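User: Hi! I would like to talk through the charged side chains in this model and the reasons behind the labels they get.

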Amino acid sequence: MATYSRRTLSLDFLGGLDPHPPEQLGEGLWQTTGDQPPCELGAQVLDPEAECSKDVILVGSSELSSSPEPGPQRDQIAYEVTVNQRAIKDICICCGSLQVHTQHPLFAGGMCAPCKNKFLDCLFLYDDDGYQSYCTICCAGETLLICENPDCTRCYCFECVDVLVGPGTSEKVHATSNWMCFLCLPFSQNGLLQRRRKWWERLKAFYDKEADRPLEMYATVPAWKREPIRVLSLFGKIGNELMSLGFLETVSGSGKLKHLGDVTNVVRRNVEEWGPFDLVYGSTPPLHQACDRPPGWFVYQFHRILQYAKPQLSSPRPFFWIFVDNLVLTKDDRTVATRFLETDPVTIQEVCGRTVRNAVHVWSNIPAVQSRHSALLPQDEVFLLAQDRQRAKSPSLGPARLVKNCFLPLKEYFKFFSTELTSSL
């Protein structure tokens, strides 16, 4: 019997697991990345709630949604290794190219330059169901098998599974239940696919070495070591969004959330007593909201409190921050924010058809936020500002709602209490 939700199909079968390891791959869930909602134009959809997505991030390049065409090189990986005795480190396991640029961080094998770039851009992209948008191996794929380990969010495309584990393996996975993926299984090798030891450390080293721009990348945390997230929320509130994603059991329950509306008198000692914190969130108020502070005040105060909350430079503890501007900051304010926060802003848009209905500017060190962006044209921004004045009498989307799903990559670092994303918040 199959149940369908916009991007994911769940199928329950009666068969048990095959005792042979390469076939003990089970399934229950698979998703397609080709579906597009009615209110979208070239956008990555992040919110399942309505016809007009409230959590839409436009990606500047169409390459992110394209998958490599199957070619003879990919089909020849097994032949090259078993017959020609070519070492798998000399073959790109993502596409089969022999022009190896680096080594895959998660599995034994090489990676060519184009596949490396796609991997850097896509690995931390998530869909609105909480699972990764692309295959963990090649960061492409049309139909994806989803790991059923509650602590895992990874997916694998049919082609990678069949090429690297064995022909027909994807169908065996599809026809069984309770499958744990290749990064969760207790044994490290399935066919040609061999998990690297301490892959989460290798992943950080990979990003440190290969990313074009400086990226504050932390080693992902094994599921059994993950703790509830501790959050400091400045100016704007983020509790409902984090609870809907499963990071908090309740807004004031498991997990820790401290909200401050005015930080004028807050000093380092206060933050140290309240902390430590794993995530610092801050935002400017919506345009129509009355405020006796100049817009730049929010930038300066966020930066000041952020310095108090940051761990020591030598600390390996994952620490994340995000600052959201609801189109309040001036151009000079945004320049100052970029200089202080040492990263460029990205623009997250709410899009319905061809119309940009809302947008925010975001500065953050959360993985993949830099991959989820688009340019907001000046005329679009002016249009939004005018529209916001007209919306002033009715409730508008707060900045937190537009950036909610940017927090999904944090599932690689912190405990989450629910695997079912709620749409009621």
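Analyst: Happy to help; what follows goes through salt bridges, burial and a charged patch.
This is a predicted model, where local features need pLDDT of at least 70, side-chain atom pairs count only at pLDDT 80 or more, and totals for chains, interfaces and linings use all residues. Residues are numbered from 1 along each chain as its sequence is written, and side-chain values use heavy atoms, with hydrogens and water left out.

User: How many salt bridges does the structure hold?
Analyst: The structure holds eight.

User: Why is the pairing of E80 with R86 called a salt bridge?
Analyst: The term requires a side-chain nitrogen of Lys or Arg within 4 Å of a carboxyl oxygen of Asp or Glu. The closest N and O atoms of E80 and R86 are 3.0 Å apart, so the pair qualifies.

User: What makes E80 buried?
Analyst: Buried means under 20% relative accessible area, exposed over 50%, and partly exposed in between (1.4 Å probe, protein chains only). E80 has a relative accessible area of 15%, so E80 is buried. Its partner R86 is at 32%, and therefore counts as partly exposed.

User: How do you know that K116 and E210 form a salt bridge?
Analyst: Their N to O distance is 4.0 Å, and the cut-off is within 4 Å, so the pair counts. The pair links distant parts of the chain, 94 residues apart: K116 is in helix α3 (residues 113-122) and E210 in helix α6 (residues 199-210). Helices here are DSSP runs (H or I, at least four residues), and strands are too (E, at least two), numbered from the N terminus.

User: Are K116 and E210 buried or exposed?
Analyst: K116 is buried because its relative accessibility is 7%, and E210 is buried because its value is 8%.

User: What makes R230 and D278 a salt bridge?
Analyst: Their closest N and O atoms are 2.9 Å apart, so they meet the cut-off. R230 lies in strand β12 (residues 230-234), and D278 in the loop between α8 (268-274) and β14 (279-283), 48 residues apart. R230 is partly exposed because its relative accessibility is 25%, whereas D278, at 3%, is buried. Elsewhere, salt bridges that share partners join R154, R226 and E412 into one network.

User: Why is K225 called exposed?
Analyst: Its relative accessibility is 53%, so K225 passes the limit for exposed. K225 sits in the loop between α6 and β12, and gathers with R197, K198 and R202 in a patch of positive charge on the surface.

Key: Patches are made of residues with over 30% relative accessible area and no salt bridge: like charges are joined within 9 Å, nonpolar side chains (Val, Leu, Ile, Met, Phe, Trp, Tyr) within 5 Å. Accessible areas come from the Shrake-Rupley method with a 1.4 Å probe; for residues, only the protein chains shown count as cover. Lys and Arg count as positive and Asp and Glu as negative; His and the chain ends are not counted. The place of a charge is taken as NZ of Lys, CZ of Arg, CG of Asp or CD of Glu.
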